[in-house]
Amino acid sequence: MRTPTPHALLSLTVNGDRHVVAAAPHHSLLEVLRYDLGLTGTKQGCDKGDCGACTVLIDGEPVLACCTLAATVRPGAQITTIEGLAGPAGRLDPVQEAFDRCGALQCGFCQPGMMLSARALLNRDAAPSDTAIREALGGNLCRCTGYTQIFEAVKLAAALARGESGASIDPTPPAEGYTVLGARHRKADGHGKATGAAVYTDDFNPPRMLHAKILRSPHAHARIVRIDTSRAAALPGVFAVLTGEALPRTYGVIPWTEDETALAIDRVRFVGEEVAAVAAVDEETANAALRLIDVEYEPLPPVLTPEAALAPGAPELFPGRRGGNLTKHVRLDFGDVDAALSNADALVEGEYFFEGTAHAPIEPHCAIAEYDARGLLTLHSATQIPHYVHRTLAKTLDLPSERVRVVQPALGGAFGGKSDPFGHEIVAAKLAMMTGRPVKILLTREETFYTHRGRHPMQMHMRLAANAEGRLTGLDSKILIDGGAYSSFGLVTSYYSGQLLTAPTGFETYRFDASRAFTNKPPCGPKRGHGSVQPRFAFEIQLDKMAEKLGLDPIELRRRNDVGPDTTTVNGQRITSNGFLECLRVVEQASGWRERRGKLGFGRGLGVAGSCYISGTAYPVYPNEMPQSGVQVRLDRSGRAHVMCGASDIGQGSDSMLAYIVAEELGLRPDDIRVTSSDTDLSPVDLGAYSSRVTFMAGNACREAASALSTLVREAVASKLEVPGREVACTPGRWFWLGDPTRGMDTREAFVLAEAAHGTLGATGGYRTDKTLGGPYRGGTIGASPAYSFTAHVAEVAVDVETGFVNVKKIWAAHDCGFALNPMIVEGQIAGSVYMGWAEAVMEEHAFAYGGPNPGLLRGPNLLDYRIPTTVEAPEIECHIVQSIDPNGPYGAKEAGEGPLHPVLPAIANAIYDAVGVRLDRLPFHPWRVREALRAAGRMGGR
Amino acid sequence: MSLHISAAPVLEPRTLAEALDLRASHPEAMPLAGGTDVMVYLEGGVIDPPRFLNLWGIAELGGLSRTGDALRIGALVTHTDVVRSPDAQALAPALVEACRTVGAVQIQNRGTIGGNVVNASPAGDTLPVLLALDAEFELHSAARGQRRVPAAQFWQGYRRMDLAPDELLVAVHVPAPSPGDRTFFRKVGTRQAQSISKVVLGARVRLDAATGTVTEARIAYGSVAATPVRCPATEAALIGRRRGDLAAAADTVATEIRPIDDVRSTAEYRLAVAVRVLRGWLAAV
Ligand SMILES: Cc1cc2nc3c(=O)[nH]c(=O)nc-3n(C[C@H](O)[C@H](O)[C@H](O)COP(=O)(O)OP(=O)(O)OC[C@H]3O[C@@H](n4cnc5c(N)ncnc54)[C@H](O)[C@@H]3O)c2cc1C
Ligand code: FES
Ligand code: FES
């Protein structure tokens, strides 16, 4: 019997290497792997047990490293982490190879665990069935992929492992006229993500680093009477304690509504708001110090709904603020809606409610700040907007902006949840400045729920008018938005809730009236499909009701009112390319709509919906005349290229997109290209990954830079071959004369000639938006985009009439992305969007306590109670790409990352109506809610 | 990583006898099997034990075997072990089904039957099945040797059970089914994997071979009360009913369980589902 010791010496065999580590007895295997052994490929995505990101194999069986005490691993047990999955000389395991080839590695954060679970499955079952795959991966949550490409990858891995020679992905050739674009390529960052080598923010551990923790408000609304930090400051191991007074400058992502401070000053406005922070030698000491901070609160009555917030005499969140709790009111009128409504042949009126939802990327927020003696501040952060974080740090810390550098490492998913500058980023920076040591803040999963700026709850009232021919003559929309405690992107959200509704199905007159109210809940912001997913839900159900009223097929109603290409919408938005009718046609056909709708029997049904979304906005968040996106490309005489761009790759593949464009233009293979992105010191500014702007804007900027270089190389090659420049072309690896393709040279030689002729080869490109876009009225520029994407979905559901359980059998999604630079990535974006929208329809919601002892408390801020779907329930998703070739997009491309989410929710609602004849106008469609609706309609089956 | 506790030394017995001695001399030490529940409590700050008693690796607590006409499942047997055991598949298919729904593969590989029983969560997935199968728990202490407690008497209140501070659960005994036994397990969860149950049902009826009437019935639910519960009135209502005519007895459930509203479901929904799931099975028996 060993006697107890405070630190046990453990002998662990990891990836075949024996290690002896002295670990605290309560440390998990995850901590030992990540911190003691530096094997950071194993990820932490939750506070314990809920996400599967920490999966490792012990003797070939998957276990959660976070739930396994290191001390209980039997000596001699073989532990395998992602770093040990590859074979000799780093040869990828078939699982890694297949995940890379199938595009399953989006953000990649879930994938080390996922790949290990897949490996364990294949060890036991060389040819697993679909069900076996789903069950084996049920403990590994992925937020990016919708799981479809993961399922494909596991099947491909099994085939590769069985040595099947034909096992390969769809070898789509490049699109006509291209040598790279349009084909299925691996992602630029795929290899690093397959091997666990990709470095995410929390994987950095600079020497002498301190850990910071944040004390949060237990009250939804209270005055801070007094904060006493003296006991915390005196705790051994504590280096600095910080409260709000030290960071008095307000900030916010929208310059007109800067109402946040990094730590609360005088008043807290939601449960979980940041109040004070501590930097200490380790997290345990920092947590202990937080418990020693004495805060005296004077609780104030909270307002928890927008109705309560806007009622006369409601307690104010910002006393003395003009407008009180009304953060923004927008009202816009286009034409005479009242006349349209009163002259309508058919009128549909409905009330809809969209509950708030979370982004829940598997990677929690994390930031690491370093400050050196020269006064240079460097922040590594899990952000999707390094440029705005850069500006915010300079402002709030009173630093000249040239002294601030923000770097976004590999990012484990974002979906809009990392698109505000956050208090914890400023706090980490301030603590680093105070202590002179690197400071890391890693939020717990619970803290991410207070931080992330979830989708706004909206109460929507709509009246839709049509004439007897089925033309839509007017829409009157009134929306009440629950903003939470701060403005965040709320000004934009308020406009988007109306501005993005006027296509693809148009109407002749329009009024919208949106009010956003402050409430004592965590602030809301943008989530995939910012501001427009909610009204789209309401509107597309309105259309379904209208079609029924007019006796028209819902697809036909949409066809009749399609706005078409090259047009201007009722609110003045310019539409260029528009593939919506083709999207409708594709899903109509693929789903067997004509033969099957209304004919599947009670309990089963089909529903349709459509939508459009922006490809970036014409106007940047802060007014300026500079390009929205800048790219720099440098060619190397060794036959390589280096691209630098501020754009954030959040898993959506923007680094890859830059690489494909450079490869196309310069006769390179995509993996000949190195990408440096989202580092404010090294890459030209791009405003960030939001508004689906990156492919359109950074893609155009990249094309400009790459084609400038292409001209130089072409000239040099032409003069060597003594042929006209316009007759010179390139293909990956080679430049040649079109007249006789055997006359040419490899790309390296072409670059050498060009460098000899023109000097060092580098070029920049920038994308500026057309500032004439948008309607000629106040707010008319919001929602103005250089191009819009279009989507149509059909959903098929089976409703269990006794339990109310809605089983979404299949979703057919057709998306017009203009041109698919890499169809594999576009399909990944479509599937991921569909999955996320489906989850919001049937499972997810931000549930708050509205009464009881803790009003304003978020219920279940973890990945067990906030139910993001697993592999087992994910529906079948069939993706179709429609290409309308936009005149202004790079090679015709438009967005694909957000648009395809919108129609899922109303398509499911409409399918439920087709199945069981009840309307669900309130999200999400919990079984009990569906059951209630069925009962109210007298449609319960059985008893 | 944040752990809200101070360093807690681990006691490492190598045999059951050592473990029982340590259990007696260090009642403050928390037994640790797979640790899947314990780690979650640690992280949440729910517990802060000064010591752990690490049972993982004690051979006498392992092993799944058929002894005579019963299944002996060592306390350290994992859910995966149960799922893969031909003996368990043959003698206790409902238990196999229950173990298959615990968390996901990673939790099944590490979480143990003993941990599930002693953790005593009202949502513990194997517990209603153990009730329905008339399982017995073999408890040992250094001072008093061993005793057996029927599942029906083990869970006494919210996470309170008939287990003395110096005792360890050593094995779970599950009697082999009689030829006329029909068993059933069903979990209705918040999602399809990694889910906490809204309702779990474990059930067994014994049918007379000649007449097809029910001679014995066990109906047990989880997630509807502070402990897993049996439904004696429903069981009584089933006795003497004939196969084909069982379903109506399910309605009796509504008279004897009172589920609650929480973030995972509503009371009304839980009750409706509890009744429906049972009725569906009884109709198909
Ligand atoms: C992500 C996740 C999902 C989960 N999903 C489910 C689920 O779907 N269904 C479900 O039922 N459970 C679930 N659980 C809970 C847990 O995994 C199970 O209860 C498991 O069976 C516990 O076993 P263990 O060996 O890990 O227990 P431990 O955590 O080691 O122990 C649990 C408790 O039992 C005591 N104990 C353990 N063994 C003994 C013994 N032999 N004698 C005396 N006391 C003992 C411990 O002191 C402790 O109090 C889940 C847990 C996690 C983390
Ligand atoms: S970190 Fe282990 S399950 Fe989430
Ligand atoms: S790729 Fe799975 S979470 Fe991002």
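Visitor: Which strands of chain A does helix α19 (residues 654-666) lie across, and at about what angle does this helix run to β26(A)?

Guide: Bearing in mind that this is a predicted model, one reads such packing by asking which strands the helix touches and how its direction compares with theirs. Helix α19 of chain A lies across β24, β25 (640-645) and β26, and runs at about 140° to β26(A). Helix α20 (residues 694-721) of chain A packs on the sheet as well, touching β24, β25 and β30, and its direction makes about 150° with that of β30(A).

Visitor: In what order do the strands of that sheet in chain A stand, and which are the edge strands?

Guide: Strands of a sheet pair through backbone hydrogen bonds, either parallel or antiparallel. In chain A, four strands form an open sheet in the order β26-β25-β24-β30, with mixed pairing; the edge strands are β26 (673-677) and β30 (762-767), each of which pairs on one side only. Neighbouring strands of this sheet are turned against each other by 15° on average, direction ignored. Strand β24 (residues 629-636) of chain A runs antiparallel to β30(A) and is joined to it by six bridges, and within this pair A:V633 has A:A763 as its bridge partner.

Visitor: How many strands form the open sheet of chain B, and what is the sense of their pairing?

Guide: There, five strands are ordered β4-β5-β10-β6-β7, and the pairing is antiparallel. Because β4 (64-67) and β7 (145-150) of chain B stand at the edges with a single partner strand each, one side of each is left without a neighbour in the sheet. The twist averages 25° from one strand to the next. Strands β5 (residues 70-74) and β10 (residues 167-175) of chain B pair over five bridges, and B:L71 has B:V174 as its bridge partner in β10(B). Helix α1 (residues 16-25) of chain B lies across β6 (136-141) and β10, running at about 125° to β10(B).

Visitor: How many residues of chain A and of chain B are in contact, and how many salt bridges are counted between the chains?

Guide: An interface can be read through its extent, its polar pairs and its composition. Here 65 residues of chain A are in contact with 52 residues of chain B, and the two chains bury about 5300 Å² between them, 56% of it on carbon and sulfur atoms. The count of salt bridges is six; B:R276 forms one with A:D800, their closest N and O atoms being 3.3 Å apart. On the side of chain A that touches chain B, there are 26 nonpolar, 18 polar and 21 charged residues.

Definitions and conventions:
Residues numbered from 1 in each chain as written. Chains lettered and ligands numbered in written order. Predicted model: local features only at pLDDT ≥ 70, side-chain atom pairs only at ≥ 80, totals over all residues. Heavy atoms only, no water. Contact = heavy atoms within 4.5 Å. Buried area = accessible area lost by both parts, 1.4 Å probe. Salt bridge = Lys/Arg side-chain N within 4 Å of Asp/Glu carboxyl O. Nonpolar A, V, L, I, M, F, W, Y, C, P; charged D, E, K, R; others polar. Pairing = 2+ DSSP bridges. Helix = DSSP H or I, 4+ residues; strand = E, 2+ residues; numbered from the N terminus. Axes fitted to C-alpha atoms, helices over the stretch in contact; angles between N-to-C directions.
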